[in-house]
Structures are given as structure tokens and as C-alpha cells.
Amino acid sequence: MRLPNNAHTSRPWRIHELTPDFRLEDVWALPTPGGPGDFPRLVQAIASGAPSHGSSRAARTLFAIRWKVGQLLGWDDPDAGGGSRLPTLHDRLPVDLRDAPSGPEFEALPFTSLYLLDAEWAAEIANRTMHGVMHLGWVPDGTGGYRGQMAVLVKPNGRLGNGYMAAIKPFRHLIVYPLMMRQIEREWAVQGSNLRP
């Protein structure tokens, strides 16, 4: 379920210190009910996931198109990302976050983990169109349990980036995120059932 921006901005997340020049694109409540110690499981599930290989043909097709266009136009070339053309957010980390675990490596997506805390994880992606952050938090659900919350923050790269973000917005909201939420919900339920004695 999509949430208002203040569901992210009102919380004392550490990511706020690092991204004052980024805009908040989306905030989502993740269908991942759990207890206080389940956040590491969510982080690992997200890092090991591959939306381009998910169960939805529509999502797989959109990701395949995006990667192909990016390849043809050089959007995702090695010199297009953070650390080569753009400074990475790792350079902005205060000492305590730099000394904290960064989090898992992604198995299929071109994200890089920045930091991992007890209830907060951030990872970045950078290419010729934008510099983005995926932020996950573990928040009380109001019923005594917890759930994941995902925020997407973006810093578009000029007119190309602004045009790209505007062009993909309807696809993100109407296809990608709803399908992703259903996939996360299914996989979370399966993982939970596998953990039960």
C-alpha cells in the first residue's frame, strides 16, 4: 500500500542526513508482518530478489525493456554510475555509519548497500538517468507487530533524468510496484511458513 510522504519524513531515519538534495518519490508499506527481530530476513529477501525474474510477465517485460534501452543508450555503462561519474553516498556517511555493517550484496540488481542498522537499511543505484536510494525501515504496525516500509529517493541527472522519471512514473505506480508488493507478500508468507516448527 502506498503511503503519504510523511510516513517516511516523520521518522528519525539516518538516511535524511545523507539525502537532503534527493526528492522522495514513493513510500510503501510492505506486506511483511513480523516481530521485532525479523528485519534481517526482510533485508536478505530484498537483496536476493530479482524482479526481472518474478512471477509477473508484465513486470519481467518492463524490466527487460528497461535494461535493453539502457544498454543501447549507455545509461548503465560502468562509467555512468556512482564512484566514476557521480560521488557515491558512501562518501557522505558519518563515521558511525561507515563503521556499521553495509548490508548484503545484491544478487541481481545494480544496487550497492550503504549501511545496515537494527531497523534501517539503505542501498544506492546510479546511472546516466538518476542517482537513487532504496530505503527500508522496520516499523511498528499499530497492532503490536512490525512490518517493512520502503522509500524511494531520487536525484535525477538533468533533463534526461527528469524526463526518464516522468516517463516511468505511471508504469511504476500502475504495474511495477503493485506486482512487486504481491510478489513480496507471497515470498514473505512462504519464508514464514518455512521458519515455523
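Eight salt bridges (a side-chain nitrogen of Lys or Arg within 4 Å of a carboxyl oxygen of Asp or Glu) are found in the structure. The model is a predicted one, in which local features need pLDDT of at least 70 and side-chain atom pairs count only at pLDDT 80 or more, while totals for chains, interfaces and linings use all residues. Residues are numbered from 1 along each chain as its sequence is written, and side-chain values use heavy atoms, with hydrogens and water left out.

Arginine 14 is a good place to start. Its salt bridge with glutamate 17 has the closest N and O atoms 2.4 Å apart, and in its salt bridge with aspartate 96 that distance is 2.7 Å. Because aspartate 96 sits in helix H5 (95–99) and arginine 14 in the loop between helices H1 (6–9) and H2 (15–18), this pair ties together parts 82 residues apart in sequence. Helices here are DSSP runs of H or I with at least four residues, and strands are runs of E with at least two, numbered from the N terminus.

Next comes the salt bridge between arginine 172 and glutamate 25, at 3.3 Å from N to O. It links helix H6 with strand S1 (23–29), 147 residues apart. Arginine 172 is buried at 9% relative accessible area, and glutamate 25 is buried at 12%; buried means under 20%, exposed over 50% and partly exposed in between (1.4 Å probe, protein chains only). Both residues belong to a network of salt bridges with Arg2, Arg23 and Asp26.
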